[in-house]
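Here's a quick briefing to read with the model open in your viewer. It goes through the sheets, the helices that pack on them, and the nonpolar cores.

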Amino acid sequence: MRRRQAAQERRSEISEIVSAKGFIRIDELAEHFGVTPMTIHRDLDELDARGVVSKVRSGAKATPIEEVERNVALRRHHMLPQKRAMADAALAWLEALDADHLTRVVALDDSTSALALVDGLAARDELTIVSNFLPVIEQVAATGHATMFGLGGTFSPDFQSFQGSSTHEAIRSIQIDVFFLSATAVGQGAVFHPEEGPLQVKRSLIDQAARSVLLVDHTKFSRRALHRQAGLSEMDAVVVDDGIDPADLRRLREHVETVIVAEVTEEQES
């Protein structure tokens, strides 16, 4: 059991290293972790099969960000401790903001970072959860007391979400107190996404919500994506995990008044 857990933790760290560097050699990974190259080969075979990294002859390279965004199963298991930590911090922020439980409508985008909030939100029977993300809809329906308001439209199997003109019309017809969202990349005082369809739905939700809260793990600050989603100054709060580089944190605080750094605990890592 311990050996299996050690392998899982090593593979999770390998995926982070490859994502940050773009490419790394097998011998570098073996030296970093103090294991044999054969062990790294097995790790990379497993990660490649899951689409987390692309194994090449001498090492591993990052999977193109467009492919990562289309792989919901991969995103659900990537940076999981960080997502749990950010979810806990975001829920604490909401409780502090809403001590009298006046918040009635919370929207979640089609990100797995926002998905981590569902269990905490769905227990509130006075709350309505709005989303175009099928995993959110299914999880709220299965586990929660909250009311689920699903945003319909044209279903995208790649993103497991609803998009298109009908989705935007549904958003414009409701009031939203708080919108929790994520992004593919952060930089230049803004957040970015590689695909226009999901981005446009997020944009409509930002415009319709009284408050918008961004959830981004520290790896998003080293990524790039084509389309500008929103300015950081449009966010009422940003929640990031404690792996963020101090320089990135300083730049973030130049644009957003409320920045919450979520500490990843041993419990969240298990």
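**The β1-β3-β2 sheet**

Let's start with an open sheet of three strands, ordered β1-β3-β2 and paired antiparallel. Its edge strands are β1 (23-25) and β2 (53-55), each of which pairs on one side only. From one strand to the next, the twist averages 20°. Keep in mind that this is a predicted model.

- β1 and strand β3 (residues 59-62) run antiparallel and are joined by three bridges.
- Two of the partners are easy to look up: Arg-25 has Gly-59 of β3 as its bridge partner, and Ile-24 has Ala-60, also in β3.
- On the other side, β2 and β3 are joined by three bridges and run antiparallel as well.
- Val-53 has Ala-62 in β3 as its bridge partner.
- β2 and β3 make a hairpin, with three residues between them.
- For background, strands of a sheet pair through backbone hydrogen bonds, either parallel or antiparallel.

**Helices on that sheet**

- Helix α3 (residues 37-49) packs on the sheet and touches β2 and β3; its direction is at about 125° to that of β2.
- The length of α3 checks out: at 1.5 Å a residue, its 13 residues should span 18 Å, and the end C-alpha atoms are indeed 18 Å apart.
- Which residues of α3 are buried? They are Thr-39, Ile-40, Asp-43, Leu-44 and Leu-47.
- These buried residues cover an arc of only 135° around the axis, so they sit on the same side of α3.
- The general rule behind such a pattern is that an α-helix has 3.6 residues a turn, so residues three or four places apart point the same way.
- Met-38 and Ala-49 are exposed, on the face of α3 turned away from its buried side.

**The parallel strands around β12**

- Strand β12 (residues 209-216) has six of its eight residues buried, so β12 is largely enclosed by the rest of the structure.
- Strand β9 (residues 176-181) runs parallel to β12, and five bridges join the two.
- Phe-180 stands opposite Val-213 in β12.
- β12 also pairs with strand β14 (residues 237-241), again in the parallel sense, over four bridges.
- Val-213 has Ala-237 of β14 as its bridge partner.

**A closer look at Val-213**

- Buried or exposed: what is Val-213? Val-213 is buried, because its relative accessible area is 1% and the cut-off for buried is under 20%.
- Leaving out residues up to four places away in sequence, Val-213 touches Trp-93, Val-178, Phe-179, Phe-180, Leu-181, Ala-237 and Val-239.
- Val-213 and Asp-236 are 23 residues apart in sequence, yet 5.8 Å apart in space, C-alpha to C-alpha.

**Nonpolar cores**

- The largest nonpolar core has 31 residues, and the members that touch the most others are Leu-108, Leu-117, Leu-121, Ile-129, Phe-180 and Val-239.
- Helix α6 (residues 80-97) gives this core its largest share, eight residues.
- Val-239 touches Met-86, Ala-89, Ala-90, Val-213, Leu-214, Leu-215, Val-216, Ile-260 and Ala-262, if you skip residues up to four places away in sequence.
- Another core of 30 residues lies apart from the largest one, with Ala-107, Ile-206, Ala-209 and Val-259 among its members.

**The β10-β11-β13 sheet and α11**

- A further open sheet has three strands in the order β10-β11-β13, with antiparallel pairing.
- Here the edge strands are β10 (185-187) and β13 (227-231), each pairing on one side only.
- The twist in this sheet averages 35° from one strand to the next.
- β10 and strand β11 (residues 190-193) run antiparallel, joined by three bridges.
- Ala-185 has Phe-192 in β11 as its bridge partner.
- α11 packs on this sheet, touching β11 and β13, and its direction makes about 15° with that of β13.
- Helix α11 (residues 196-208) has 13 residues, which at 1.5 Å a residue should span 18 Å; the end C-alpha atoms are 18 Å apart, in agreement.
- The buried residues of α11 are Pro-198, Leu-199, Val-201, Lys-202, Ser-204, Leu-205 and Ile-206.

Terms used. Residues are numbered from 1 along each chain as its sequence is written. This is a predicted model: local features need pLDDT of at least 70, side-chain atom pairs count only at pLDDT 80 or more; totals for chains, interfaces and linings use all residues. Side-chain values use heavy atoms; hydrogens and water are left out. Two strands pair if DSSP finds at least two bridges between them. Axes are lines fitted to C-alpha atoms, for helices over the stretch in contact, and angles run from 0 to 180 degrees between N-to-C directions. Contact means heavy atoms within 4.5 Å. The expected span of a helix is 1.5 Å times one less than its number of residues. Buried means under 20% relative accessible area, exposed over 50%, partly exposed in between (1.4 Å probe, protein chains only). The arc is that of the directions from the helix axis to the C-beta atoms. A nonpolar core is a set of buried Ala, Val, Leu, Ile, Met, Phe, Trp, Tyr and Cys residues joined through side-chain atoms within 4.5 Å.
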